[in-house]
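Please open the structure in a viewer and keep the selection panel at hand. The tour below moves from one selection to the next and states what is found at each stop.

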Amino acid sequence: EWGKPFSKEEINEILSSGDTDAIRELSRFFSRFSGIYDRAKQYYSSLLNYSYMLVPHYDLDNKPNVKKIKKQYKDMAKYVKSMSLDYILPQINKIIFQEGVYYGLLKETEQGRPVFYSLPAKYCRSRFFDEHNLPVLELDCSYFDDVASTESERKALLNLFPKYVQTKYARGNRTIFNKWVEIPVIDGGICFSFNKDYLPPLVSASGAVADLQTARDRETKKDNKSLNKLLIQKLPIDKTDGELLFSLEEAAELHAGVCNMLADEDTVEVLTTYAEVKLESVQDDESSSTASTNRLAKYVDSVYDELGIAGEIFNPTSGSTALTYSIKKDISIMFAWSKQYQVWLNAWLKNKAKNENFYFTISFFPTTTIFQSEDVDMYLKIAQYGYPKSLVASAIGIEMTDLLQMSHFENDVWKMT
């Protein structure tokens, strides 16, 4: 399923070719077989916890209908919570780091609950941007022919998509020019990527990962050689006249006897000659585990350099201010990349608004579990100066619906205040 390992030459050729499918296959391979590559993917993907603030937008100059605002806010908070963004977005990140792009569809169930559906990259593309500067999803209608095995499955699959997609499919005549259909954001079309080429962000490190594996294989061979021993069995010679004390036939019998005795020892070889008996290592002292570790260290460091992350994150040896700075730099990179999620979600939420003068948006914060204590302290301080208190709850990880529910429960039910 995963094919044979890639050589360094093959990797360089694939990367320089720009072949999207081959580069994605390369990323899948190293995600499966390289612990460092996969760990880096997991690290970046889960770095942010996607805390957000739900913001209502309405005309402040006119007297607002407070009761109406409260109800709509609660409804929208419940709707956004049902998206499970803190779970979904890290999953989308993982797909982007492995495939280079996430194609999908947001579809509401009959009960109004939003559900994300992933689409295979081989049936999707994006060539244009909409008014929000978001890439527009284009779907190959042959997807419905290839994925669904029965007519009932195909019908159920088609029902997930807008009517015009169903109509496009029903028309048939799918040539290379007219088999594609655009699905904009307002209809749930999703296309997310961290670069304009829609390629896996970490795939350029695959060459260094291959070098590391080659070095490990080489060191394994050296370590195996260090286990090999050579038993030198020297037969005595008469010191007075220099004659052999054992005939060649007798020496052969002695050699065979020792070989039979050591038959279960696959790391010991036997050499029979005329003189003393001595046990020698085939490998020299330089093959010790310490020397092997030192030789591999430069290859490990090279992989982390190519991945753009500090190796200390995964193998800490001591506390370091530089390490903290490195993690915060990674957070800022992921937050910048994740801004597209906010833009997409706000376009979706605004389209759902029944009144263009009253709608909701969400704002993500660059919060992470790693520095949660620092984030909470910061938001507590700014809350004292009149900034939204919901920022604190969001930093802790409390959903807005839960905050409203517990505030009502504590204040109005239990009268705790």
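Select Glu138 in this predicted model. Glu138 counts as buried because its relative accessibility is 2%, and buried means under 20%. Now add Arg125 to the selection: Arg125 and Glu138 form a salt bridge, in which the closest N and O atoms are 3.3 Å apart. This pair links distant parts of the chain, for Arg125 belongs to strand E4 (residues 124-125) and Glu138 to strand E5 (residues 137-140), 13 residues apart. Arg125, at 24% relative accessibility, counts as partly exposed.

Next, select Lys328 and Glu374. Their side chains meet in a salt bridge, at 3.3 Å from N to O. Lys328 lies in helix H12 (residues 321-352) and Glu374 in helix H13 (residues 372-383), so the pair ties together parts that are 46 residues apart in sequence. Both ends count as partly exposed: Lys328 has a relative accessibility of 39%, and Glu374 one of 44%.

Proceed to Lys196 and Asp197. Here, too, a salt bridge is formed, and the closest N and O atoms are 3.6 Å apart. Is Lys196 buried or exposed? With 72% relative accessibility, Lys196 counts as exposed, whereas Asp197 is partly exposed, with a relative accessible area of 45%.

For a group of charged residues, select Glu25, Arg28 and Glu99, which are joined into one network by salt bridges that share partners. The count of salt bridges in the model comes to 14.

Now turn to helix H4 and select residues 66-81. H4 has 16 residues and reaches 22 Å from its first C-alpha to its last, close to the 22 Å expected at 1.5 Å a residue. Which residues of H4 are buried? They are Ile69, Tyr73, Met76, Ala77, Tyr79 and Val80. These residues cover an arc of only 160 degrees around the axis, which puts them on the same side of H4. Rotate the view to the face of H4 turned away from its buried side: this face carries the exposed residues Lys67, Lys70, Lys71 and Lys78.

Finally, select Thr401, which is found in helix H15 (residues 400-413). Thr401 counts as buried because its relative accessibility is 16%. Which residues does Thr401 contact, leaving aside its neighbours within four places in sequence? Thr401 is in contact with Lys74, Ala77, Lys78 and Lys81. Among these, Ala77 is one of the buried residues of H4, while Lys78 is one of the exposed residues on the face turned away from the buried side.

Key:
Residues are numbered from 1 along each chain as its sequence is written. This is a predicted model: local features need pLDDT of at least 70, side-chain atom pairs count only at pLDDT 80 or more; totals for chains, interfaces and linings use all residues. Side-chain values use heavy atoms; hydrogens and water are left out. Helices (H or I, at least four residues) and strands (E, at least two) are DSSP runs, numbered from the N terminus. The expected span of a helix is 1.5 Å times one less than its number of residues. Buried means under 20% relative accessible area, exposed over 50%, partly exposed in between (1.4 Å probe, protein chains only). The arc is that of the directions from the helix axis to the C-beta atoms. Contact means heavy atoms within 4.5 Å. A salt bridge is a side-chain nitrogen of Lys or Arg within 4 Å of a carboxyl oxygen of Asp or Glu.
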